[in-house]
Amino acid sequence: MKKTAFILFFLLSTVSLSAGDFVTQFLEKCIEEKKPVNNINIGKSMLEKMASNTDDEDLKKTFRNLNSIRIITCDNIRDSRLYFKKANNLALEEFKDYQELVSLNEKNAKIHIYFKQESEKLQDLIFIGLDDEEKLSIITITGKIDFASISKLSDSLNKEMKIDNHEAPPSMDKGTK
């Protein structure tokens, strides 16, 4: 009986943890079937592999300290605007224990960053943004977050994406790469 109770407790706690994260709730509550989004999940094992494949010691440490990175993107401008509003409403209504770190509302960009520190080694960051082309990006990061390293990681990924897109043959569509 104790074993059954333990298994039931474990399953319920796992379900409640996964159901409580921002991306899961956003996908369940906000996404309309006719307006799909792109969803990328990078788990702990992939972050460990990424750490072992880089020579940059700061990036290694960053990857090893993180538990997950989840990314949602939307390229449709009308849908992106709708989902940006829905994501911010969800953050304000359901994630009240997060503090807003940054709020930027300019002509060329709209960004909201929310943060929660559960312990020194467990922190959550929610990034909700519309870029200058009004495309949506939602990024959640969990683990031990070092903002300087996250910034460096972001710069590294942006440079890599620009290089990859720049090296593509002119006839190759960026969406199929």
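**Close-up views of the predicted model**

**View 1. Helix 3 and helix 4 lie roughly antiparallel to each other.** The structure shown here and in the views below is a predicted model. Two packed helices are described by the angle between their axes and by the distance between the axes. For helix 3 (residues 44–52) and helix 4 (residues 57–65), the angle is about 170 degrees and the axes are 8 Å apart. Because angles over 145 degrees count as roughly antiparallel, the pair receives that description. On the side of helix 3, the contact is formed by Lys44, Leu47, Glu48, Met50, Ala51 and Ser52. Helix 4 contributes Lys60, Phe63, Arg64 and Asn65 to this contact. By residue class, the contact of helix 3 with helix 4 comprises four nonpolar, two polar and four charged residues.

**View 2. The largest nonpolar core of the chain contains 20 residues.** Those that touch the most other members are Phe22, Phe26, Ile126, Ile128, Leu136 and Ile138. Two or more residues of this core are supplied by each of helix 2 (22–29), strand 2 (66–74), helix 5 (77–94), strand 5 (123–130) and strand 6 (136–143). Helix 5 gives the largest share, five residues. A second, separate core has 14 residues, among them Phe63, Leu66, Ile69 and Leu125.

**View 3. Phe22 is shown with the residues that it touches beyond four places in sequence.** Among these contacts are Ala87, Leu90, Ala91 and Phe95. The others are Ile126, Ile128, Ile138 and Thr140. Phe22 is also one of the residues that touch the most other members of the largest nonpolar core.

**View 4. Glu134 has a positive phi although it is not a glycine.** Most residues other than glycine have a negative phi. The phi of Glu134 is about 60 degrees. Glu134 is located in the loop between strand 5 and strand 6. Its relative accessibility is 30%, and Glu134 therefore counts as partly exposed.

**View 5. The whole chain, given for orientation, has six helices and six strands.** Read from the N terminus, the order of elements is α-α-β-α-α-β-α-β-β-β-β-α. The chain has 177 residues, of which 32% are buried. Of the contacts between residues at least 6 apart in sequence, 54% join residues at least 24 apart. The exposed area of the chain is about 12100 Å², with 55% of it supplied by carbon and sulfur atoms.

Technical notes: Residues are numbered from 1 along each chain as its sequence is written. This is a predicted model: local features need pLDDT of at least 70, side-chain atom pairs count only at pLDDT 80 or more; totals for chains, interfaces and linings use all residues. Side-chain values use heavy atoms; hydrogens and water are left out. Helices (H or I, at least four residues) and strands (E, at least two) are DSSP runs, numbered from the N terminus. Buried means under 20% relative accessible area, exposed over 50%, partly exposed in between (1.4 Å probe, protein chains only). Contact means heavy atoms within 4.5 Å. Accessible areas come from the Shrake-Rupley method with a 1.4 Å probe; for residues, only the protein chains shown count as cover. A nonpolar core is a set of buried Ala, Val, Leu, Ile, Met, Phe, Trp, Tyr and Cys residues joined through side-chain atoms within 4.5 Å. Axes are lines fitted to C-alpha atoms, for helices over the stretch in contact, and angles run from 0 to 180 degrees between N-to-C directions. Angles under 35 degrees count as roughly parallel, over 145 as roughly antiparallel, 65 to 115 as roughly perpendicular and the rest as oblique. Ala, Val, Leu, Ile, Met, Phe, Trp, Tyr, Cys and Pro count as nonpolar, Asp, Glu, Lys and Arg as charged, and the others, Gly among them, as polar.
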